[in-house]
Amino acid sequence: MRISPTAPVRSRENAIFYRNRTLTRPSTSFPSTAENLRLLIREAADQLCHVVDGDLDFVVRVSEADEDIDQLLLLVNFVLAAARRSFNDLRVVNHRTEEDLLAARKLQEQLLPQKLPYASNCRVSARCTPARTVGGDFFDFFRYPRSGLCVGLLADVRGKGAAAAIYAALASGTIRSLLDQEMTPQAMLEKLNKSLFARAPEGNFVALTYSTWDDKNRVLELCNSGLPEPLLCRDGIVRSLAVHGLPLGLFPKADYDVMRIQCERGDTLLFYTDGVVEEVDREGIDFGASRLADILAKNCHLTAAEIVDQVFDQVNAHCQCEMNRDDQTVIAIQVL
């Protein structure tokens, strides 16, 4: 193997060559002190590629003794030792953080409904995929004990990660504390908005849809506070449910529109958070609500669970990424 001492090479092969070889001078001529110093500096520099590759245990050495080079390498190896200690400390902290986040994720998963609601005239399927270990999306289902109305909600807390997850737990707990009042969707959102405004960190808010389902009469009553418009597919035709309102927790008082829908057998409703339609491909193009509507129109004959699977499959195929940019949640409801 031939290495040119004058070539500016910083390869691993060059580093190994210099590390394993004792430099000898050609018998025909003797290099100057400056040239020999330059060779030693290059030898040390080439070995630093190990450090660049992440080998903090590597010790930089040269094949000949030189007082100035030895002092420099002493400092270099001292810095590497300090970096190694800091890296090990960070690794311990990171391991503990990962353990805490995994515990938080398990807790968050347990807070989601473990069993989807049963109703004679509808079937429900839902899936939530956080962008990080924990996220700010959540959904819930329950039944009012006196009226018997089924209740469903979908929420998206501003932000991602642990902070959003904590605020999501606060919002979910507040909602459940109000259930015994059996409020209409409009009254619930107004009450929830006041409660969250008084307790929410500055700048945080919750976008949420809250709906009640009269199973006997197949009537859905719906309010929305900042989430994308839900979709309704009837006879293969998809339309948006234009119901709007301000996100919860931004202002001390807010009004919310209510929509009452007389559903029919064969209808399919789709609720989703903005992380679904705002997922982008490698060229920065959004998945988009129109693409989501096409999926619903083409697959409305499938079960609710199969429709949810189709949505996530198409979103993943669109972005072709290992991790979604934002939390993604989809709920499909089929009317029987």
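Arg-176 is partly exposed in this predicted model, with a relative accessible area of 42%. Its side chain meets that of Asp-140 in a salt bridge, with 2.8 Å from N to O. Arg-176 belongs to helix α5 and Asp-140 to strand β2, so the pair ties together parts that are 36 residues apart in sequence. Asp-140 counts as buried, at 2% relative accessibility.

Strand β2, residues 137–143, shares this enclosed setting: 6 of its 7 residues are buried, so the strand is largely enclosed by the rest of the structure. Strand β3 (residues 150–157) runs antiparallel to β2, and 7 bridges join the two. Within this pairing, Asp-137 stands opposite Asp-156 of β3. The hairpin of β2 and β3 has 6 residues between the strands, and Gly-148 in this hairpin takes a positive phi near 80 degrees.

The loop between β2 and β3 also holds Arg-146. What does Arg-146 form with Glu-182? The two residues form a salt bridge, their closest N and O atoms being 3.9 Å apart. The pair links distant parts of the chain, 36 residues apart, with Glu-182 in the loop between α5 and α6. Arg-146 counts as exposed at 60% relative accessibility, whereas Glu-182 is buried at 17%. Buried here means under 20% relative accessible area, so Glu-182, at 17%, falls within that class.

Glu-182 has further links to the β2–β3 loop region. A polar atom of the Glu-182 side chain lies 2.7 Å from the backbone nitrogen of Arg-146. The side chains of Glu-182 and Ser-147 are joined by a polar contact of 3.2 Å. Leaving aside neighbours within four places in sequence, Glu-182 is in contact with Tyr-144, Pro-145, Arg-146 and Ser-147. The loop that holds Glu-182 runs between α5 (161–177) and α6 (185–199). The backbone of Glu-182 has a phi near 50 degrees, a positive value in a residue other than glycine.

Arg-218 is not a glycine either, and has a positive phi of about 55 degrees. Arg-218 is found in the loop between β4 (206–214) and β5 (219–225). Its relative accessible area is 14%, and the residue is buried.

The count of salt bridges comes to 6. The table lists three of these pairs.

| Pair | Closest N to O distance |
|---|---|
| Arg-176 and Asp-140 | 2.8 Å |
| Arg-146 and Glu-182 | 3.9 Å |
| Arg-234 and Glu-264 | 3.6 Å |

In the pair of Glu-264 and Arg-234, the closest N and O atoms are 3.6 Å apart. Glu-264 lies in the loop between β8 (259–262) and β9 (268–272) and Arg-234 in strand β6 (residues 231–234), so the pair ties together parts that are 30 residues apart in sequence. Glu-264 counts as partly exposed at 40% relative accessibility. Arg-234 is also partly exposed, with a relative accessible area of 22%. Which residues do salt bridges with shared partners join into one network? They are Arg-234, Glu-264 and Asp-267.

A nonpolar patch lies on the surface, made by Leu-75, Phe-78 and Val-79, with an area of about 320 Å². Leu-75 sits in helix α4, residues 67–111. At 52% relative accessibility, Leu-75 counts as exposed.

Terms used
Residues numbered from 1 in each chain as written. Predicted model: local features only at pLDDT ≥ 70, side-chain atom pairs only at ≥ 80, totals over all residues. Heavy atoms only, no water. Helix = DSSP H or I, 4+ residues; strand = E, 2+ residues; numbered from the N terminus. Buried < 20%, exposed > 50% of the residue type's maximum accessible area, 1.4 Å probe, protein only. Polar contact = N/O pair within 3.5 Å; in protein donor to acceptor, adjacent residues only side chain to side chain. Contact = heavy atoms within 4.5 Å. Patch = residues over 30% accessible without salt bridge, like charges linked within 9 Å, V, L, I, M, F, W, Y side chains within 5 Å. Areas by Shrake-Rupley, 256 points an atom, 1.4 Å probe, with all protein chains shown as cover. Salt bridge = Lys/Arg side-chain N within 4 Å of Asp/Glu carboxyl O. Pairing = 2+ DSSP bridges.
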